[in-house]
Each structure stands twice: as structure tokens, then as C-alpha cells.
Amino acid sequence: MLPTLNGTARLIEDPELRYGASGGAVVKVRLAFNSRKKDQSGQWQDDASFFITGTAFGQAAENIAATLQRGMEVVVSGRMKTDSWESKEGEKKSAPSLLLDSVGPSLRFATARVEKAGGSGQGRQEFQQARGAQQGGQSGDPWASQAPASSGGGGWGASGGDEPPPF
């Protein structure tokens, strides 16, 4: 079993999307994991850095290439492995790499709009048609809904209390 890596990184290059001979999508992203600490004067200083290439396949690869770009902070989860190759000079080389299981923009300093991606397009069209019918000409926000009427004012739900409802 490969070790996992979960963390927040920054893209140091735009994602590189390619298609294999069978037509399958493959994306490579260069990631930098940095640690920062405060020095004695209270200023933030860059500390250690770890650079790694992440790879994703199929629909995930296409979604990454369409969504992410250089400089973005992302949250990643993946399995680490070692890539090995031989250089032009005949030297054996190796480097760590990351098989990306999940990646998305960090919302610490940014906002994101999430859209369901469809593989063949048919499911996506049906999803959009159903969403349009449900909205009935509303603002286009799929999360928008009428707030329930509350008898107690500005608290959590109908009770108006300060405690969140039980789940």
C-alpha cells in the first residue's frame, strides 16, 4: 500500500493536460508544499519546501485542467510513489510523485463556483434542465432556497435560540 499525502499546496505551473493513444486524459501538476514560521520580530518567514509532481487521469484530469492554474492554493489528497527513468546519458534517476485522488481550490483566500461535470454530456444536460425547471426563473443559484419562517426571530430555526439544531 502506498503512503498518502494530504495537505495544502500551491501550483507552480499551469496544469499540463495530454491525451494517451487510447484517448484517456492525463494531467500533470507541479505542486509546492511550504511551511512558514514567525521569526523573532513577528514577521512570517518561508521555511522548508517540498516540490512534487501530481498526476490524475480521466474526468478528474480534465476537470483539474479546466479549473486550476498557476499560483492557486489547492487542497490535495493522493498516494505517493517513486517514478524511475533513465536519463539521456544513461544515468538512472528517480523522484517522488503523487497519484492525485482529490484536488480542489483552497477557499482560505479565494472563492469558487462548483459545477457538476458530466462525462458524455447527456447527464450534464439532464442535470441542467432539471435544475432550470426547479428554479422556475430564479437567480440561477442552485443553493438558493426560501428560508423557513421562524417565529422567534434571528436565532437557529423556529426556536430562535442560540444553539444549532441537533443533527
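# Exercises on salt bridges and a nonpolar core

A search of the whole structure, which is a predicted model, finds 7 salt bridges. The exercises below take up some of them and then turn to the core.

**Exercise 1.** Work out how the salt bridge between Arg-18 and Glu-16 is placed with respect to the surface: is Arg-18 buried or exposed?

*Solution.* Begin with the pair itself, in which the closest N and O atoms of Arg-18 and Glu-16 are 2.6 Å apart. Next take the accessibility of Arg-18, which has a relative accessible area of 55% and is therefore exposed, since exposed means over 50%. Finally turn to Glu-16, which at 37% relative accessibility counts as partly exposed.

**Exercise 2.** Determine which parts of the chain are linked by the salt bridge between Arg-108 and Glu-73, and state whether Glu-73 is buried or exposed.

*Solution.* The side chains of Arg-108 and Glu-73 meet with an N to O distance of 2.7 Å. Locating the two residues shows that the pair links distant parts of the chain, because Arg-108 lies in the loop between β6 and α2 (122–135) while Glu-73 belongs to strand β5, 35 residues apart. As for accessibility, Arg-108 counts as exposed at 56%, whereas Glu-73, with a relative accessible area of 13%, is buried, the cut-off for buried being under 20%.

**Exercise 3.** Describe the salt bridge between Glu-115 and Arg-113, and then find which residues are joined into one network by salt bridges that share partners.

*Solution.* The side chains of Glu-115 and Arg-113 come together at 3.5 Å, N to O. Of these two residues, Glu-115 counts as partly exposed at 47% relative accessibility, and Arg-113 counts as exposed at 58%. The network of salt bridges with shared partners joins Arg-10, Glu-73 and Arg-108.

**Exercise 4.** Find how many residues the largest nonpolar core has, and which element supplies the largest share of this core.

*Solution.* The largest nonpolar core has 17 residues, and those with the most contacts inside the core are Leu-31 and Leu-100. At least two residues of this core come from each of β1 (4–11), β3 (25–38), β4 (44–57), α1 (58–67), β5 (73–86) and β6 (92–105). The largest share, 5 residues, is supplied by β3. To follow Leu-31 further, set aside residues up to four places away in sequence; the residues that Leu-31 touches then include Ala-9, Leu-11, Phe-50, Ile-52, Val-74, Val-76, Leu-98 and Leu-100. Arg-10, one of the residues in the network of Exercise 3, is also touched by Leu-31.

Notes
Residues are numbered from 1 along each chain as its sequence is written. This is a predicted model: local features need pLDDT of at least 70, side-chain atom pairs count only at pLDDT 80 or more; totals for chains, interfaces and linings use all residues. Side-chain values use heavy atoms; hydrogens and water are left out. A nonpolar core is a set of buried Ala, Val, Leu, Ile, Met, Phe, Trp, Tyr and Cys residues joined through side-chain atoms within 4.5 Å. Buried means under 20% relative accessible area, exposed over 50%, partly exposed in between (1.4 Å probe, protein chains only). Helices (H or I, at least four residues) and strands (E, at least two) are DSSP runs, numbered from the N terminus. Contact means heavy atoms within 4.5 Å. A salt bridge is a side-chain nitrogen of Lys or Arg within 4 Å of a carboxyl oxygen of Asp or Glu.
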